[in-house]
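Thanks for coming. I'll go through how some helices pack here, and then what surrounds the ligand.

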Amino acid sequence: MTEFAHDTIVPFEDSALSKKDQVAGMFNQIAGKYDFLNRLLSVGIDVYWRKKGLQQLSSIFPDNLLDVATGTADVAIMAAKMLRPTSIVGMDISSGMLDIAQKKIQEKGLSHTIQLKLADSEAMPFDDNQFDAVTVAFGVRNFQDLRKGLSEIRRVLKPGGKLMVLEFSKPTFPLVKWIYTFYMKIVTPNLGKLFSKNKAAYTYLDKSIQQFPEGKNFIKILQEIGYQQTEHKPLSAGICSIYCGIK
Ligand SMILES: C[S@@+](CC[C@H](N)C(=O)[O-])C[C@H]1O[C@@H](n2cnc3c(N)ncnc32)[C@H](O)[C@@H]1O
C-alpha cells in the first residue's frame, strides 16, 4: 500500500485537536469570507475548474448525485444547473459552511433539488450503492484519512457510478512554478489574513497542497481502493487537477 504524509498536515500545528476537528473549526471561522476569497485568490478561475470537473459527468446523466465536502455548495449548485439530476445531497463537516450553502440554495430556488447534510466523508450516513455520481471539489486534501474517505465514497456509489475529484496540484513548468510559489507563499496568506483575519487557514492551503499525493500517486491510491478506468486531467498548467474513477 502506498503511504503519504498528507494526513499529518493540519491547520493549527500547536492544537491537540484531530485534523478533522481542526479542519471543521477552520472552515467554520472563514465560512463568511470563503466564496469572496475563492474568487479573489483564484481570479475567478475556480468557477471554470468546477465547470470542467462537472463536464466529466455529463455523459453519464446522473439522476442522483452526492457532493462530498460541499462547503458553500458551489459544485452542488452548478451541478443542478448543468446536469439537472433529480436530487443532489451536499455533505460537509462544517456547519458554518453549510449555513452559507443553505442561504445560497434558497436564494437560487434550488431547495427542491439540493439537500444538505452535516456528516463526515469517512463515515457516511448513506446505504451502499446509492449514488450515480459523487463529486469532491477541493475536499480530499482536507480528509483526515484519505483512503477511508475514498473507500466510503466507493461504498455509496452504485456499481458503474462515477467519482469526480477536483483538487489543487503543483505546476511543473519552471516559470509558472516560480510565480505560483510566490503567490501561494506570500500573496495568499496575506490576502487571507487581511480579509478573513485567519492567516493560518491560508498558510495551511499551501502546506496541504505541497504534501498531497497528486497526479499518478493519487491515481494509484484510487486504483488500490478499487476504482476502475481512472483518469487524471491537469488544468491551468497543472495548478488544478481532475481525477475520475468508476466503481
Ligand atoms: C476547500 S473547501 C471546498 C468546498 C467546496 N467543495 C468548493 O468547491 O468550494 C473544503 C471543504 O471540505 C470539508 N471537509 C473536510 N473534511 C471533510 C470530511 N471528512 N467530511 C466532509 N467534509 C469535509 C470542509 O469542511 C470544507 O467545507
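Axes here are lines fitted to C-alpha atoms, for helices over the stretch in contact, and angles run from 0 to 180 degrees between N-to-C directions. Helices (H or I, at least four residues) and strands (E, at least two) are DSSP runs, numbered from the N terminus. This is a predicted model: local features need pLDDT of at least 70, side-chain atom pairs count only at pLDDT 80 or more, and totals for chains, interfaces and linings use all residues. Residues are numbered from 1 along each chain as its sequence is written.

Start with α6, residues 174-196, and α7, residues 199-211: their axes come within 7 Å and cross at roughly 155 degrees. That makes α6 roughly antiparallel to α7 (under 35 degrees is roughly parallel, over 145 roughly antiparallel, 65 to 115 roughly perpendicular, the rest oblique). Residues in contact, meaning C-beta atoms, placed from the backbone, within 7 Å, include Met 184 and Pro 189 of α6 and Tyr 202 and Leu 205 of α7.

Next, α1 packs against α6 at about 140 degrees, with the axes 10 Å apart. So α1 is oblique to α6. Among the residues making this contact are Ile 30 and Phe 36 of α1, and Leu 191 and Phe 195 of α6.

Now the ligand. How many residues surround the ligand? There are 24, counting a residue as near if its C-beta atom, placed from the backbone, lies within 6 Å. The closest are Ala 69, Gly 71, Ser 94, Ser 121 and Ala 137. Helix α1 turns up again here, giving the largest share of the shell, four residues.

Key: Contact = placed C-beta atoms within 7 Å.
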